[in-house]
Amino acid sequence: MAVDVHWATTEDAEALATVLCEMATHYRQAPLDHGRAVASARQWLGDESPAYPHFALAFAGGEVAGLASVAIAHPGIDLGRLMFLKDLFVRESARNRGVGQALVSFLAGHCLDKGIGRIDLTTEDWNEGALRFYDRLGAERHGQKIFLRLSGEALRTAAKL
């Protein structure tokens, strides 16, 4: 199956929202209201700098098939930029058809073109499919870092420090 990947623009808000809604269900979250997701996607995409896009979308057979949500951080300890892959999600109807690989290839090519030295990512420990996928790509597991999060009350407390 041919997969086309490109950086999302405001014209892709509906497609992005479709994937975000399916992704929420996959990650065991409350269902998203599609209209609200479209409005949020339109706002996010409108606010993005073309120099630092945040969403890559994959299309197969004319339908949106998956997304990658990324952030570029710089500089790293070695003064090199890195890409953080926050989410890589392929819709259930498009799984095992090369969509995830096409998304990662697109991101890796972007990194090489822009002098970005690495892609860092996380995945849930229960997501065996994702772990197998990243293993096949040759991703290294780093036990030297612990993933932490400030949210809710902790975020409010940190804001008052």
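Biologist: Leaving aside its neighbours within four places in sequence, which residues is methionine 83 in contact with?

Modeller: The model is predicted: local features need pLDDT of at least 70 and side-chain atom pairs 80 or more, while totals for chains, interfaces and linings use all residues. Numbering runs from 1 along each chain as its sequence is written, and side-chain values use heavy atoms, leaving out hydrogens and water. With contact meaning heavy atoms within 4.5 Å, methionine 83 meets, beyond those neighbours, Trp7, Val70, Ala71, Ile72, Leu107, His110, Cys111, Ile116, Arg118, Ile119 and Asp120.

Biologist: Which element gives the largest share of the largest nonpolar core?

Modeller: This core (buried Ala, Val, Leu, Ile, Met, Phe, Trp, Tyr and Cys joined through side-chain atoms within 4.5 Å; buried is under 20% relative accessible area, 1.4 Å probe, protein chains only) has 24 residues, of which Met83, Leu88, Leu103 and Leu107 touch the most other members. Two or more residues each come from strands E1 (3–7), E2 (55–60), E3 (63–73) and E4 (82–90) and from helices H3 (99–114) and H4 (128–137), as DSSP runs numbered from the N terminus (helices H or I, at least four residues; strands E, at least two). The largest share, six residues, belongs to H3.

Biologist: How does H1 lie relative to H2?

Modeller: Ala13, Glu14, Leu16, Ala17, Thr18, Leu20 and Cys21 of H1 meet His34, Ala37, Val38, Ala41, Arg42, Trp44 and Leu45 of H2. The axes of H1 (residues 13–26) and H2 (residues 34–47) come within 8 Å and cross at roughly 125 degrees, with axes fitted to C-alpha atoms over the stretch in contact and angles running from 0 to 180 degrees between N-to-C directions. Because angles under 35 degrees count as roughly parallel, over 145 as roughly antiparallel, 65 to 115 as roughly perpendicular and the rest as oblique, H1 is, relative to H2, oblique.

Technical notes:
Buried means under 20% relative accessible area, exposed over 50%, partly exposed in between (1.4 Å probe, protein chains only).
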